[in-house]
Amino acid sequence: MIRDKSGKTKEKLPKGVIAVGPPSFRRERALIKQGVWPVAGCDEAGRGPLAGPVVAAAVVLDPKRIPKGIDDSKRLTAERREELFEEICATSSFSVAFASPARIDRDNILRASLWALKRAVEGLAVAPKHVFVDGRDRLNTCCDCDAVIGGDGIVVSIAAASIIAKVTRDRLMCALAEECPGYGFESHKGYSVPEHLAALDRLGPSVHHRRFFAPVVTAREKHQPWTIERKADLFEIVAEPAVSAAV
């Protein structure tokens with residue numbers, strides 16, 4: 001234990017370990033002081049899974065009613081996410097958008113995610129004057145946008161959006177589990193865990209699977225080979241038709 005300048009004791013972290021604090025409202029507050037408001041945070045859930053949509057959320061927090069305990073959704077328990085989801089919905093302006101598996105198949109996962117994030121921002125009741133988005137890619141919005149790497153652990157508005165997106169998607173995957181029993185969507189939420197891979201091998205893909213993710217392609221080859229588009233082999237030797245001798 002060590003003492004800080006105020007005399008309070010705190011636990012000393014092991015060498016090489018960096019303390020990670022909760023996300024703050026600092027960046028939003030700086031913009032408010034400049035007269036920029038509303039300020040939205042946005043994030044998505046579901047880029048990695050083999051099934052289900054990407055869910056994007058945009059949130060404008062009320063500076064006077066920010067729920068306590070908001071953090072990166074990945075650092076919260078499922079129970080705490082549910083509690084904060086209700087508090088954020090009750091005190092904030094928010095919007096949710098979805099990119100379906102069909103759009104992911106058509107556009108690729110990155111473009112589909114950015115499309116959903118933009119749609120979430122555009123769905124807010126009052127258009128924001130500034131947007132913070134988690135990740136490396138800025139959104140093509142009608143207002144200024146800052147991309148913040150690791151933003152869900154830094155900017156509290158992004159963290160709030162991560163909670164809205166995660167809880168919404170988890171609830172949706174539980175509903176899809178009832179529609180498509182046997183895959184275990186209610187437990188793994190579509191991620192490529194051994195249970196899910198075994199179900200894919202046993203049952204083949206459902207309509208909610210992303211057709212071009214590698215494990216799904218493998219399952220399609222086994223259960224739905226007619227859906228696999230074969231490309232011509234440029235080095236394949238094709239026998240020429242025999243020419244009959246002239247009489």
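Two strands are said to pair if DSSP finds at least two bridges between them, and in this predicted model that rule is met by strand 3 and strand 4 (residues 54-60), which run in the antiparallel sense over 5 bridges.

**Strand 3 and its neighbours**

Begin by selecting strand 3, residues 39-45, together with strand 4, and look for cysteine 42, which stands opposite alanine 58 in strand 4. Next add strand 6 (residues 130-134), which pairs with strand 3 in the parallel sense over 4 bridges. Within this pairing, glycine 41 stands opposite phenylalanine 132, and valine 39 has histidine 130 as its bridge partner.

Now colour strand 3 by accessibility, and 7 of its 7 residues come out as buried. In a regular strand the side chains alternate between the two faces of the sheet. Here both faces are covered, with Val39, Gly41, Asp43 and Ala45 buried on one side and Ala40, Cys42 and Glu44 buried on the other.

**On to strand 6 and strand 7**

Keep strand 6 selected and apply the same colouring: 5 of its 5 residues are buried, so strand 6 is largely enclosed by the rest of the structure. His130, Phe132 and Asp134 are buried on one side of strand 6, while Val131 and Val133 are buried on the other. Strand 7 (residues 144-148) can then be added to the selection, since strand 6 and strand 7 pair in the parallel sense over 5 bridges; one place to look is aspartate 134, whose bridge partner in strand 7 is valine 148.

**The largest pocket**

Return to strand 3 and select Glu44, Ala45, Gly46, Ser73 and Lys74, which lie nearest the centre of the largest pocket among the 14 residues that line it. The space in this pocket comes to about 250 Å³. Which elements each supply at least two residues of its lining? They are strand 3 and helix 5 (156-179), and strand 3 gives the most, with 3 residues. If you colour the lining by residue class, you should find 8 charged, 4 polar and 2 nonpolar residues.

**The largest cavity**

Rolling a probe the size of a water molecule over the atoms shows where empty space is left. The structure holds 1 cavity of 30 Å³ or more, and the volume of the largest cavity is about 30 Å³. To see what surrounds this cavity, select Ala45, Gly46, Lys166, Arg169, Asp170, Lys189 and Tyr191. Helix 5 contributes the largest share of that lining, 3 residues, and by class the lining divides into 4 charged, 2 nonpolar and 1 polar.

**Aromatic rings**

For the next stop, select tyrosine 183 and phenylalanine 185, bearing in mind that the structure holds 1 aromatic pair. The ring centres of tyrosine 183 and phenylalanine 185 are 5.4 Å apart and their planes lie at 10 degrees, so the pair is stacked, the cut-off for that term being planes under 30 degrees apart. Tyrosine 183 is buried, with a relative accessible area of 7%, and phenylalanine 185 also counts as buried, at 0% relative accessibility.

Finish with two places where an arginine lies over a ring. Select arginine 103 and tryptophan 115, where the charged end of the arginine sits over the ring, 3.6 Å from its centre. Then move to arginine 171, which lies over the face of phenylalanine 85 at 4.5 Å from the ring centre.

Terms used: Residues are numbered from 1 along each chain as its sequence is written. This is a predicted model: local features need pLDDT of at least 70, side-chain atom pairs count only at pLDDT 80 or more; totals for chains, interfaces and linings use all residues. Side-chain values use heavy atoms; hydrogens and water are left out. On a 1 Å grid over the protein atoms alone, a cavity is a set of points where a 1.4 Å probe fits but cannot get out, and a pocket is an open set with protein on both sides within 12 Å along at least five of seven lines; lining residues have an atom within 4 Å of a point. Grid points are joined across faces, edges and corners, and a volume is the space filled by probe spheres set on the points. Ala, Val, Leu, Ile, Met, Phe, Trp, Tyr, Cys and Pro count as nonpolar, Asp, Glu, Lys and Arg as charged, and the others, Gly among them, as polar. Rings of Phe, Tyr and Trp (its six-membered ring) pair if their centres lie within 6.5 Å; planes under 30 degrees apart count as stacked, over 60 as edge-to-face and the rest as tilted. Buried means under 20% relative accessible area, exposed over 50%, partly exposed in between (1.4 Å probe, protein chains only). A charge sits over a ring if NZ of Lys or CZ of Arg is within 6 Å of the ring centre and within 35 degrees of the ring normal.
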